[in-house]
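Biologist: I'm new to this one, so could you take me on a close look at a single part, the surroundings of the ligand, and show me how that part sits in the whole?

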Amino acid sequence: MKEIKERRSIRKYLAKDVPQGVLVSILENARLAPSGSNTQPWRFLVVRDETARQRIMMADHQQKWMMTAPIFLVCAADIRSRSEAPGLGALREDSKNPDIKLIIRDSAIAIEHIVLEAQHQGISTCWTAWFAQEEMQWAVNAPVGYYIAAVVTLGYAAEQPDKRARKALEDIVSYESW
Ligand SMILES: Cc1cc2nc3c(=O)[nH]c(=O)nc-3n(C[C@H](O)[C@H](O)[C@H](O)COP(=O)(O)O)c2cc1C
């Protein structure tokens with residue numbers, strides 16, 4: 001797919017909003033993602049409000065470039081989509097409930113669907129996840145049981161970075177045995 005080849009993480013955006021129809025059609029592709037046992041743990045919060053974006057940016061290692069993006073997409077995973085009695089304490093990567101790993105795995109698939117469909121529609125993105133879980137849960141006022149998997153910036157690119165290095169195929173693929 002040319003979208004896979006052409007996508008870059010964009011950290012500088014034009015001061016131009018993304019039309020709501022375009023945003024919804026991008027989000028629709030998250031809805032269609034596969035997930036273990038079809039549990040669909042992903043939940044999304046669209047944030048355009050400047051004060052709210054500022055609060056999120058501060059929790060996201062104060063990455064100031066984020067503020068150039070008109071939309072922050074807070075990408076969460078709901079533990080209750082798998083666990084009926086999830087033991088709702090602090091929900092972090094190292095939480096004892098093993099379902100945490102499964103909801104993070106499944107949500108990542110949906111998030112990348114968003115990133116690729118956005119690219120297809122001329123909208124650029126950057127995954128961000130440089131935050132402490134509790135701080136970000138607070139910054140986005142997350143419901144109990146929501147793990148914040150990433151905050152994705154969305155908007156029209158104001159930079160065209162070169163492609164970033166990747167490992168060679170022979171370094172990541174083996175046939176029949178490792
Ligand atoms: C889970 C995840 C978290 C990331 N977090 C950040 C981040 O907090 N800040 C940032 O500037 N880039 C972040 N990135 C972007 C990566 O740095 C980027 O994907 C990588 O350097 C390769 O560059 P490319 O996406 O342009 O190919 C993140 C990417 C992923 C997948």
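Modeller: Sure, and let's come at it from just upstream: Gly-122 follows helix 4 and has a positive phi, near 80°. Keep in mind that this is a predicted model. Helix 4 itself covers residues 99-120, which makes 22 residues, and from its first C-alpha to its last it reaches 32 Å, close to the 32 Å expected at 1.5 Å a residue.

Further along the chain you get to strand 3, residues 124-128, and here we meet the ligand: this strand gives the largest share of the shell around it, 3 residues. The shell includes Cys-126, Trp-127 and Thr-128, along with Ala-129 and Trp-130. Other parts of the sequence join in too: Arg-8, Ser-9 and Arg-11, then Gln-63, and finally Ala-150 and Arg-164 also surround the ligand. Sort the shell by character and you find 5 nonpolar, 3 polar and 3 charged residues.

Now zoom out. The protein has 6 helices and 4 strands, and along the sequence they run α-α-β-α-β-α-β-α-β-α. Its radius of gyration is 17 Å, close to the 16 Å that the globule rule gives for 178 residues, so the protein is as compact as a globular protein of that length. Its C-alpha atoms fill a box of roughly 50 × 45 × 30 Å along the principal axes, and 35% of the 178 residues count as buried. As for contacts between residues at least 6 apart in sequence, 79% of them join residues at least 24 apart.

Key: Residues are numbered from 1 along each chain as its sequence is written. This is a predicted model: local features need pLDDT of at least 70, side-chain atom pairs count only at pLDDT 80 or more; totals for chains, interfaces and linings use all residues. Helices (H or I, at least four residues) and strands (E, at least two) are DSSP runs, numbered from the N terminus. The expected span of a helix is 1.5 Å times one less than its number of residues. A residue is near a molecule or strand if its C-beta atom, placed from the backbone, lies within 6 Å of it. Ala, Val, Leu, Ile, Met, Phe, Trp, Tyr, Cys and Pro count as nonpolar, Asp, Glu, Lys and Arg as charged, and the others, Gly among them, as polar. The radius of gyration is taken over C-alpha atoms; the globule rule is 2.2 Å times the number of residues to the power 0.38. A residue is buried if 20 or more other C-beta atoms lie within 10 Å of its own, exposed if 12 or fewer, and partly exposed in between; C-beta atoms are placed from the backbone. Two residues are in contact if their C-beta atoms, placed from the backbone, lie within 7 Å.
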